[in-house]
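Visitor: I would like a close look at a single part of this structure. Please pick one strand, place it in the whole, and then say what lies around it and elsewhere.

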Amino acid sequence: MSLNADPAFWAAANTHLTRYGPDFETLIVERAQGSFVYDADDRAILDFTSGQMSAVLGHTHPDIVATVDRQMRSVAHLFSGMLSRPVVDLASRLAALAPGLDRVQLLTTGAESNEAAIRMAKLVTGGHEIVAFAQSWHGMTGAAASATYSAGRKGYGPAAAGSFVIPAPNSYRPRFTHPDGSNDWQAELDDAFALVDSQSTGNLAAFIAEPILSSGGILELPPGYLAALKRKCEERGMLLILDEAQTGIARTGDMFAFQRDGVTPDIMTLSKTLGAGLPLAAVMTTQAIEQKAHERGFLFYTTHVSDPLPAAVGVTVLDVVERDGLVAQATARGDRLKSGLLSLQQKYDCVGDVRGRGLLLGLEIVADRQTKAPGFELGAAIMEEAMRRGLSMNIVKLPGMGGVFRIAPPLTVSDAEIDRGLEIMSDSIGAAVAAH
Ligand SMILES: Cc1ncc(COP(=O)(O)O)c(C=O)c1O
């Protein structure tokens, strides 16, 4: 019998754990290292989601282990008004990487960083209306949940007053097209903002956006879109908040995804990848916005704000990314992975689209390539086949789209691991298609 079936473990899990989302995987993870997690039978499973899209250095990276050990022995947690060296070091390092965003607040989770960003935007603009994409995910707490539209809106009472939504651009399924059939995202954006203007009561505070919508099915904002979005914000006195929870820290082949577009947001939030799997988040903004917020009495005081332990981890993450050239590596390994995925698209009709950049890629499964009818069941079957063969991948299912695999291995992934993942994907798609 597989040790993953441990009856006592599952009896306790099924009795005592609150079910907070989709079903749990039916395995017990005992340890993890590099690009792999190991189950109770010591079976190695390739982790192509970097944990929850966070473990950019792979699991149990020796430099992170050493930093946690060292910092834990000196100082881990403090009174929230006390400062320590790792906090000031990390703030300075981040500011140097994102010119213009000189002020940094260190927090814990992605949702929390977006709460702080939205709170700051409200205070400095005097408005309260927040616009987001219809396929967004910004977190599970108050303001972040009000700006999250890809899941979880129903059943929890009213969202914040003044929560507006516009469609995210989707080049595979465009809503507005040029005569040649390509995506006319400018027309879509103009149309969407006309609707925002008609709904607004004149209190617009901010637009919050992911540069690549991840939970929304790896929708990449096309070149030029961010600049156009920033203009829309400026015209209305709104701030642009970029949520780089998944795209920040080298993931897309730039340190931050916004750098490709040459558009600096007013506020940027970092989380997931910044702590490489440990809970660490940052809110970055300009001197002018921080000054205004401070003058108006900005308060975002939490238990773990400016804690030295996660800050020290963040410094080490930046050290390793720089030392090991992981920005360039994300591009190189991402190109290898993407060309493998494009080969799968040649081979299998059910692969409707391959998209994304660096090591944040998407593969959309459709039931019919012509009609682009969603292939949810087939996607779920492929995911199961992959897990049986030792590859963990995550699929998102959203209305109006096929099942989209979000493929985001650690930035430290090797060529051989990418090739192994691609081979498993190919076998899994083949097996699922044959069974359907
Ligand atoms: C883009 C983005 N922002 C924010 C969050 C929320 O982060 P957390 O779960 O750490 O609160 C997520 C989580 O998936 C995310 O993908």
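Guide: The protein chain holds 14 helices and 18 strands. The model is a predicted one. The chain has 436 residues, and a compact globule with that number would have a radius of gyration near 22 Å; the value for this chain is 22 Å, so the two agree. Along its principal axes, the C-alpha trace spans about 65 × 65 × 45 Å. Of the 436 residues, 49% count as buried. Among contacts between residues at least 6 apart in sequence, 73% join residues at least 24 apart.

The part to look at closely is strand 18, which covers residues 403-407. This strand is mostly covered, with five of its five residues buried. In a regular strand, side chains alternate between the two faces of the sheet. In strand 18, Gly 403, Phe 405 and Ile 407 point one way, while Val 404 and Arg 406 point the other way. The residues on both sides are buried, Arg 406 included.

Strand 18 has pairing partners. One of them is strand 14, residues 360-368, which runs antiparallel to strand 18 and is joined to it by five bridges. Within this pair, Phe 405 of strand 18 stands opposite Leu 363. Strand 17, residues 394-396, also runs antiparallel to strand 18, and three bridges join these two. Here Arg 406 of strand 18 has Asn 394 as its bridge partner. Strand 17 and strand 18 form a hairpin with six residues between the strands. In that hairpin, Gly 400 takes a positive phi near 80 degrees.

A helix can be examined in a similar way. Helix 11 has 16 residues, 308-323, and at 1.5 Å a residue they should span 22 Å; the C-alpha atoms at its ends are 22 Å apart, which agrees. Of these 16 residues 13 are buried, so helix 11 is largely enclosed by the rest of the structure. Gly 325, which follows helix 11, has a positive phi near 60 degrees.

Helix 7, residues 185-199, offers two residues to set side by side. Ala 192 is placed in this helix, and Leu 189 lies in it as well. Ala 192 has 23 C-beta neighbours inside 10 Å, and the cut-off for a buried residue is 20 or more, so Ala 192 counts as buried. Leu 189 has 19 other C-beta atoms within 10 Å and is therefore partly exposed. Leaving aside neighbours within four places in sequence, Ala 192 is in contact with Ile 166 and Pro 167. On the same terms, Leu 189 is in contact with Ala 228, Leu 229 and Lys 232. Two C-alpha separations can be added. Ala 192 and Ala 168 are 24 residues apart along the chain, and their C-alpha atoms are separated by 9.8 Å. For Leu 189 and Arg 73, 116 residues apart along the chain, the separation is 52 Å.

Last comes the ligand. There are 13 residues around the ligand, and those that come nearest are Thr 109, Gly 110, Ala 111, Gly 139 and Ala 245. By class, this shell has three nonpolar, eight polar and two charged residues.

Technical notes:
Residues are numbered from 1 along each chain as its sequence is written. This is a predicted model: local features need pLDDT of at least 70, side-chain atom pairs count only at pLDDT 80 or more; totals for chains, interfaces and linings use all residues. A residue is near a molecule or strand if its C-beta atom, placed from the backbone, lies within 6 Å of it. Ala, Val, Leu, Ile, Met, Phe, Trp, Tyr, Cys and Pro count as nonpolar, Asp, Glu, Lys and Arg as charged, and the others, Gly among them, as polar. Helices (H or I, at least four residues) and strands (E, at least two) are DSSP runs, numbered from the N terminus. The expected span of a helix is 1.5 Å times one less than its number of residues. A residue is buried if 20 or more other C-beta atoms lie within 10 Å of its own, exposed if 12 or fewer, and partly exposed in between; C-beta atoms are placed from the backbone. Two residues are in contact if their C-beta atoms, placed from the backbone, lie within 7 Å. The radius of gyration is taken over C-alpha atoms; the globule rule is 2.2 Å times the number of residues to the power 0.38. Two strands pair if DSSP finds at least two bridges between them.
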